[in-house]
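Please read the points below alongside the sequence and the model. They take the core, the helices, the ring pairs and the confidence in turn.

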Amino acid sequence: MLIAIYLYGWRRLKPRTHFLLGLPLPVTALLGAFGILAANSWMNTPQGFTLDSQGNPVDVDVWKAIFTPMFGPQYWHFVVAMLLTAGYVVAGVYAVGWLRGRRDRYHRLGFTVPFTIAAVATPVQFMLGDSIARQVFQKQPVKFAAMEIVWETDSHVPEYLFGRLHPDGSVSGGIKVPQLDSILAGFSPDTVVTGLTSVPASDRPNPTQATIAHWAFDIMVCIGSVLLLLALWYGLVWWRKRRLPRSKWFYRSAACAGVASVVAVECGWITTEVGRQPWIVYQNMRVAEAVTSTRSTTLWIMFGLVVVVYVCVFGAFLMVLLKMRDRWRLADEQTGGPAVEAPEAVTPYGPRPPVPAGDAPSSGDGGTTPSEGGGT
């Protein structure tokens with residue numbers, strides 16, 4: 001509701017009121033992430049309670065239950081991931097505009113601001129991801145074994161890039177890098193990595209689940225690595241030439257970065273949830289014990305209804321965006337081209353005002369005007 005009021009209250013509310021309505025939005029988002037990640041980190045590393053003889057939780061310590069060993073790593077990893085994803089998604093829209101010839105100041109700023117934020121967040125996220133992987137290695141060794149498809153507990157463990165784990169412990173496909181998994185886990189090839197066979201088969205992910213978690217983890221890491229290279233490309237060009245990159249391949253990559261970031265986030269959730277199998281609460285409650293008694297037919301009907309609702313919402317959202325795009329294009333054609341001033345000068349959701357005589361952007365590179373001096 002606050003987001004709707006903030007967006008559509010533009011030019012309809014007093015500036016001070018509009019500003020104050022925007023202040024709770026980031027706080028609300030951070031608190032929402034806090035609740036979700038506190039619950040999930042407790043499922044991964046449960047603490048703050050004991051079980052009586054009947055299996056009921058007693059001696060509950062709320063603070064210990066909230067701030068589990070995995071809470072900090074998971075929370076900041078997720079928050080930075082959302083910041084990074086939002087930056088790349090928004091920048092991707094303007095990257096497509098750049099590829100279609102829109103080089104005005106509005107599109108340059110629309111690309112530069114979110115992409116710069118995402119580019120700065122990318123190496124931070126890379127370090128956070130490395131940190132959380134080591135936390136999993138220490139706190140959830142069986143999950144780590146599933147993520148890296150490690151069958152037997154050993155040192156000098158190789159790293160498999162993709163590949164498939166079989167029931168006999170063999171791995172087919174993928175790229176094998178000798179000793180790398182032990183080095184990544186403990187900075188030494190002598191680091192002992194716990195294998196899946198360290199626990200009974202009933203207490204660990206099966207080979208298929210381990211392969212799913214492994215592929216999701218590898219896809220997430222690969223996407224993160226490519227985004228890091230893209231951020232370095234952007235930073236190097238800016239550092240050396242104080243301008244945006246001009247390569248079409250850079251903007252094509254930037255246009256794909258938003259979708260890739262969303263895929264990486266989903267792969268992260270698949271890794272943490274599938275890698276924890278067969279536990280819903282690690283080493284305390286199995287998924288089978290948490291399953292509802294509702295009939296499967298009812299669940300499928302509910303799932304189908306949810307899918308239909310979300311498809312309708314997405315369809316309506318896409319239709320509105322396409323109508324806004326067509327309205328802006330029609331206004332541009334009637335006024336002889338895109339305006340120099342940003343649409344927000346009048347309203348963020350309507351056609352742009354006509355360009356006053358003599359204020360049209362120059363035809364030079366990047367569409368800069370003399371007053372801008374080629375800067376961003």
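Which residues of the largest nonpolar core touch the most other members?

1. Largest core. This is a predicted model. The largest nonpolar core has 50 residues, and Y88, F111, F115 and L196 are the ones that touch the most other members. At least two residues of this core come from each of α5, α6 (105–139), α7, α9 (207–241) and α10.

2. Second core. A separate core of 7 residues is also present, with A33, L37, A38 and F78 among its members.

3. F111 and the ring cluster. Setting aside neighbours within four places in sequence, F111 is in contact with A91, Y94, A95, Y234, L244, F250, Y251 and A254. Ring pairs join F111 into a cluster with Y88, F115, W98, W233, Y234, F250 and Y251. Y234, F250 and Y251 are therefore found both among the contacts of F111 and in its ring cluster.

4. Helix α3. The helix covers residues 24–44, and its end C-alpha atoms are 30 Å apart. That agrees with the 30 Å expected of 21 residues at 1.5 Å a residue, because the expected span counts one less than the number of residues. Its buried residues are A33, L37, A38, N40, S41 and N44. They pack against α4 (62–66), α5 (71–99), α7 (141–147) and α10. Of these buried residues, A33, L37 and A38 also belong to the second core.

5. T271. This residue lies in helix α10, residues 248–274, and is buried, with a relative accessibility of 5%. A polar atom of its side chain is 3.3 Å from the backbone nitrogen of F217. Beyond four places in sequence, the contacts of T271 are with M147, A213, A216 and F217. F217 thus appears both in the contact list and as the partner in the 3.3 Å approach.

6. Aromatic pairs: F34 and Y75. The whole structure holds 23 aromatic pairs. In one of them, the ring centres of F34 and Y75 are 6.2 Å apart; the planes meet at 70°, so the pair is edge-to-face. The two residues are 41 apart in the chain, F34 in helix α3 and Y75 in helix α5, and the pair links distant parts of the chain. F34 is partly exposed, at 28% relative accessible area, whereas Y75 is buried at 9%.

7. Aromatic pairs: W300 and F303. This pair is also edge-to-face, because its planes lie at 85°, with ring centres 6.0 Å apart. Both residues sit in helix α12 (residues 296–335), 3 residues apart, or about one turn. Residues three or four places apart on an α-helix point the same way, because there are 3.6 residues a turn. W300 is exposed at 62% relative accessibility, while F303 is partly exposed at 49%.

8. Confidence. The protein chain has a mean pLDDT of 85, and 87% of its residues reach 70 or more. Residues 339–352 stay under 50, although the model gives this stretch 37 contacts beyond four places in sequence. Residues 357–376 are also below 50, with 26 contacts beyond near neighbours in sequence. Predicted coordinates should not be read in detail where pLDDT is low.

Conventions:
Residues are numbered from 1 along each chain as its sequence is written. This is a predicted model: local features need pLDDT of at least 70, side-chain atom pairs count only at pLDDT 80 or more; totals for chains, interfaces and linings use all residues. Side-chain values use heavy atoms; hydrogens and water are left out. Helices (H or I, at least four residues) and strands (E, at least two) are DSSP runs, numbered from the N terminus. Buried means under 20% relative accessible area, exposed over 50%, partly exposed in between (1.4 Å probe, protein chains only). A polar contact is a pair of N or O atoms within 3.5 Å; within protein, one must be able to donate a hydrogen and the other to accept it, and residues adjacent in sequence count only if both atoms are side-chain atoms. Contact means heavy atoms within 4.5 Å. A nonpolar core is a set of buried Ala, Val, Leu, Ile, Met, Phe, Trp, Tyr and Cys residues joined through side-chain atoms within 4.5 Å. pLDDT is the predictor's confidence in each residue, from 0 to 100. Rings of Phe, Tyr and Trp (its six-membered ring) pair if their centres lie within 6.5 Å; planes under 30 degrees apart count as stacked, over 60 as edge-to-face and the rest as tilted.
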